[in-house]
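User: Please take me through this structure in plain steps. I would like each answer to end on the value or name I ask for.

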Amino acid sequence: MPPSVRRRRLLISVGNHSLAIAVAVVFITPFVFILFTALMASSQVLTGRFWPHPFEWRNFADAFSYAPLWSYTSNTVVYAVLSTIGTVASCIPVAYAFSRMHWRGRQVVFLIMLSTLMLPSQVTIVPLYTIFVRLGWIGSLKPLIVPAFFGDAFTIFLLRQFFLTIPEELTDAARVDGAGEFQIMTRVVMPLAKSGIMAVALFQFLYAWNDFFGPLLYTGNNPKIWTLAVGLGEYTTLHRSVLWNLQMAASVLFTLPVIVLFFFTQKVFIKGVTLTGVKG
Amino acid sequence: MFATLYFSFTKYDLLSPPRWVGLFNYRFMVHDPFFWQSVWNTVWLVVFGVPLQIIFAIAVAMVLTRPKRGVGIYRTIYFIPTMVPVVAATLGFVFMLNPQGPIDHILGLLHLPQPMWFDDPRFSKPGLLLLGFWGVGDTMIIFLAGLLDVPAQLHEAADLEGIGPWQRFRHITLPMISPVIFFALVTGVIDSFQYFTQGFIASGGRMSLGDPQGSLRFYGIWLYQQGFQYFHLGYAAAMAWVLFLVIMVCTLVLIRTSNRWVYYQGGFR
């Protein structure tokens, strides 16, 4: 390759990378600010000093006494884990029914279910709230967890798409061998759809972990059962003199499990995100 | 859903059974200044936030199409902010955009004006826009897929003809990704109409919703206040139903007009 071409290619490559790095800096900057603030002493917080001078690692521990973080965390974990279990347990059979079983009206019901995805959440909360009041569930995590056991349109949709990629011959063969539907579902389809199921479980876990509106609505008046999202949000209300460094520390702690989870499950995640491109 | 419609015609405060009041809630809505303020704030977000975020997402995605190696790292970096819980991200930005905070400090060093961001009604929504830009990663990913899908022959033909980059963008790239733009537009609009959490947190929580003079009082927030702070559940139901209708109309309009400007590569129907 002539040196001039090589040089030109190098310059273009450097240019491209510089651009990408510049953009990356823009995206990383908020993380840096938040993290550094989390490590500052409160006297240093709103001053112009960029680098935390003593690295106050104890901020992370102090954040736990500033607000009942342990309680918030355990509530969040309970909500996230239980709703994930509920979602997976309820949506797999439904998705299976939509994809591998044939019954009259299948298409229609599926379309109806899909259309519920387009409903703005505000439209259903008033009646839902009323129902939960009647049931006496307001002020607990039940309104958030129990409905998860009844299936959720997005998850069912995703799983159905995934199940449809499993060759029909396999399920047919199992049927011919005399297996019942439930057995086919658990022995044939589920093992093959593992990554799809994991993706869906991951989505639900993250959704519950980050959910603010749901817990606010149903547990807003009962601080004992608040999740991290609501608890952090209410910091500003309850403590008028905001200790930014501790608040940032708490935010970092709140975000950390998500980031860690993301790194471990990246492949699963991206696969799930591109799943809706699978032909249905 | 129909229950909500029913409730919208009642006065309901949870303590006593709903009382039928016909169109009272709707008439009240028309005269409610806070209602209109919330409409204005939300529409502002839809009109400014959605297109700007889409443009930013496309721009960032285009940056990602350039480097030959190491794209994965950049992509991960651009995407991670979307994983941050909304509450944490909003709190982070409220801090960053604090009048004595880092961003204003840097602006000061550069002798640029230092807005008061979330303490100033004129800058609170732009502050939320910035927060939105930070989280553009998920939209960017689908645009990246769309951009990579543009057939190579088109780009090669453009190279042969010696077409400049701007022309290339306008006549090849844009039409090819127009389905993705359409998707992002529709979902962005639907989501923006329901904007809640960021506005809630940036306002400073329950006691000061709407923050500087109601500049952050979005439709969803006012609905929440009416329904769950003042317990005018009938009114909240009415607002919810109106929201539903507005979203449906907007979506339909978008879909109808899409025939003119969306180009489907594989043919459509």
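User: What percentage of the 269 residues of chain B count as buried?

Analyst: This is a predicted model, in which local features need pLDDT of at least 70, side-chain atom pairs count only at pLDDT 80 or more, and totals for chains, interfaces and linings use all residues. Residues are numbered from 1 along each chain as its sequence is written, and chains are lettered from A and ligands numbered from 1 in the order in which they are written. A residue is buried if 20 or more other C-beta atoms, placed from the backbone, lie within 10 Å of its own. For chain B the share of buried residues is 42%.

User: How many residues of chain B are in contact with chain A?

Analyst: Two residues are in contact if their C-beta atoms, placed from the backbone, lie within 7 Å. On the chain A side 45 residues take part, and on the chain B side the number is 55.

User: How many of the residues on the side of chain B that touches chain A are nonpolar?

Analyst: Ala, Val, Leu, Ile, Met, Phe, Trp, Tyr, Cys and Pro count as nonpolar, Asp, Glu, Lys and Arg as charged, and the others, Gly among them, as polar. On this side of chain B three residues are charged and twelve polar, while the nonpolar ones number 40.

User: At roughly what angle do the axes of helix α1 and helix α13 of chain A cross?

Analyst: Helices are DSSP runs of H or I with at least four residues, numbered from the N terminus. Axes are lines fitted to C-alpha atoms, for helices over the stretch in contact, and angles run from 0 to 180 degrees between N-to-C directions. The axes of α1 (residues 3-38) and α13 (residues 244-264) of chain A come within 7 Å, and they cross at roughly 120°.

Definitions and conventions: Helix = DSSP H or I, 4+ residues; strand = E, 2+ residues; numbered from the N terminus. Buried ≥ 20, exposed ≤ 12 C-beta atoms within 10 Å, placed from the backbone.
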